[in-house]
Amino acid sequence: MTGGADGAEPLVIEPSGPAIVASLRAAGPELARGTLVFGRTLADWRHESRAFLGLPVDRPIVATGHQAGLWHAGILAKWLLADAVARSTGAATAAITVDQDTNDAGAIAYPSLVDGRPRRATLPTLPSRRGGPTGLARTVRVAPPDEPPSAGLDAPLAAIAAAVNARAGQANLAAQMAAANDDLLQRRLGLSPPPSIPASRLVELPFARELLARFAADPRANASYVEALAADPRAARPLAPGELPLWRLVPGDPHPRREPVRVGDAPPPAGGRLAPRAFLLTAISRLVACDLFIHGTGGGRYERVTEEWIGRWLGLRLAPMAVASATLRLPLGHLVADRVEVTPAEFRRRSFDPDATGAGPSEALRDLLSAIDAAPRRSATRRAAYRALIAHRELRRTAVADELARLATEAERTRSLAAAIEVARSRTWPWPLHDDARLSSLANRIRGTIE
């Protein structure tokens, strides 16, 4: 993690830029050694897969990806790092759109002003989003904001709406938002958009079909998946017996949906398709579609499960991985300049222990609690000790009633400020809301880690 002496906000690049470049350059020769997978060399599978996806076959591929939507600057950092590494090494880039996800891809958040304080608002869209995989959802049109945005955001919001509406003719919501993002990247940062590959397209690869056939036939495949998850149980749920690492995307108007897939299930209905779950998505990507995959901080954690699974099952190493993320905040701090002095939790603590002056309990409360703890359970002595604690608390509350009243007022003021403070400090606003200078500075900082 880096942060500039000039107050620049945190930037995460792991490993270091030179190490990322070195790992990419080493990946190709390592694959050229002729590793056999499913009766063919991995190099053959990679050549076939990239041609199938419309990617170059004569140079390395740096890939990244995310759910469809107007993502925040932390995700933008992945695209900027991919571009910087590609420029430095002569590699090509690719971006995977996770079109099987059920996120609200058309939701474009912005900070509005209500009574002088920032509040989270969302641009209206038609039709309204009703869930289901974004790769089967209808495209949307964005309307002007219902609530006035914070100062300086009218023009960026209008540009976002124009970009999204200009792509309303795409096949689905995921494709629309990916294309709108690409247009804005080119217009605002001069970034040549990488080819956008729907994640559902990956399972159409001959390599993916062969891998899934082997998974269905090999009990060790499911077992190794479950064993790999033991390293990070919260990363995903284990597969049930006979379950494949796939989603079936099922059309429906207005509610498309996704369903688990088991061995022997019928193919998706007309208009539907299969899509990989997270670990299968990156396993396919890092085995045959790219030479370096760039994750965010969350993906960098759970991706270790993918590496463990493929290592246990197939004995293969995946293409190297890097992690990129960044924090940019909109200049909203002046709107919540009130100093927070007493949180609701602090008020509750002082109400229970009126004599407390520091982080821990007061001496009187410690003595009273010790007396309760020392007395036998369900004894008269223990009950008497508890009543003594209650009586002491009420006595002390009366003695410092004015101070507690002041704290209660401060806590209520803090409660009313809490939502506004969270909005003001958020790092999750769509990246095009930031001004050109901040975006250019971020791009330059990321390029600087590679040079």
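1. Helices (H or I, at least four residues) and strands (E, at least two) are DSSP runs, numbered from the N terminus. With that convention, Pro127 can be placed in the loop between strand 8 (125-126) and strand 9 (141-142), and the peptide bond that leads from Leu126 into Pro127 is cis, with omega near -5°. A second cis peptide bond is the one joining Glu14 and Pro15, where omega is about -5°, and Pro15 sits in the loop between strand 1 (11-14) and helix 1 (17-31).

2. Some notes on the basis of these remarks: this is a predicted model, in which local features need pLDDT of at least 70 and side-chain atom pairs count only at pLDDT 80 or more, while totals for chains, interfaces and linings use all residues. Residues are numbered from 1 along each chain as its sequence is written, and side-chain values use heavy atoms, with hydrogens and water left out.

3. Two residues other than glycine deserve a look for their backbone angles. Phe38, in the loop between strand 2 (36-37) and strand 3 (40-41), has a positive phi of about 55° although it is not a glycine. Arg378, in the loop between helix 12 (363-374) and helix 13 (380-399), likewise has a positive phi, near 60°. As for their surroundings, a residue is called buried under 20% relative accessible area, exposed over 50% and partly exposed in between (1.4 Å probe, protein chains only); by this rule Phe38 is buried, at 16%, whereas Arg378 is exposed, at 77%.

4. Helix 2 (residues 42-53) passes a simple check of its length. The expected span of a helix is 1.5 Å times one less than its number of residues, so the 12 residues of helix 2 should span 16 Å, and its end C-alpha atoms are indeed 16 Å apart. The buried residues of helix 2 include Leu42, Trp45, Arg46, Ser49, Arg50 and Leu53. They lie on the same side of helix 2, because they cover an arc of only 125° around the axis, the arc being that of the directions from the helix axis to the C-beta atoms. An α-helix has 3.6 residues a turn, so residues three or four places apart point the same way. Just after helix 2 comes Gly54, with a positive phi of about 75°.

5. Strand 4 (residues 61-67) is largely enclosed by the rest of the structure, since 5 of its 7 residues are buried. Two strands pair if DSSP finds at least two bridges between them, and strand 4 pairs with strand 5 (residues 92-98) in the parallel sense over 7 bridges, with His66 standing opposite Thr97. From strand 4 the chain crosses through helix 3 (residues 73-89) to strand 5, and this β-α-β crossover is right-handed, a term for a path that runs clockwise from the first strand over the helix to the second when the strands point away from the viewer. Strand 4 is also joined by 2 bridges to strand 14 (residues 292-295), again running parallel, and here Val62 stands opposite Leu292.

6. Helix 3, which makes that crossover, is itself largely enclosed, as 14 of its 17 residues are buried. The 17 residues should span 24 Å, and the end C-alpha atoms are 24 Å apart, which agrees. Helix 3 is followed by Gly90, whose phi is positive, near 80°.

7. How many salt bridges does a search of the whole structure find? The search finds 27, each being a side-chain nitrogen of Lys or Arg within 4 Å of a carboxyl oxygen of Asp or Glu. One of them joins Asp183 and Arg167 at 2.8 Å, N to O, and links distant parts of the chain, with Asp183 in helix 5 (residues 173-189) and Arg167 in the loop between helix 4 (154-166) and helix 5. Asp183 counts as buried at 17% relative accessibility, while Arg167 is partly exposed at 27%.

8. Another salt bridge, between Asp436 and Arg188, has its closest N and O atoms 2.8 Å apart, and it connects helix 15 (residues 436-450) with helix 5 across 248 residues. By contrast, Arg312 and Glu308, whose side chains also meet in a salt bridge (2.8 Å, N to O), both lie in helix 10 (residues 297-314), 4 residues apart, about one turn of the helix. Arg220, Glu227, Glu308 and Arg312 are linked in a network of salt bridges.
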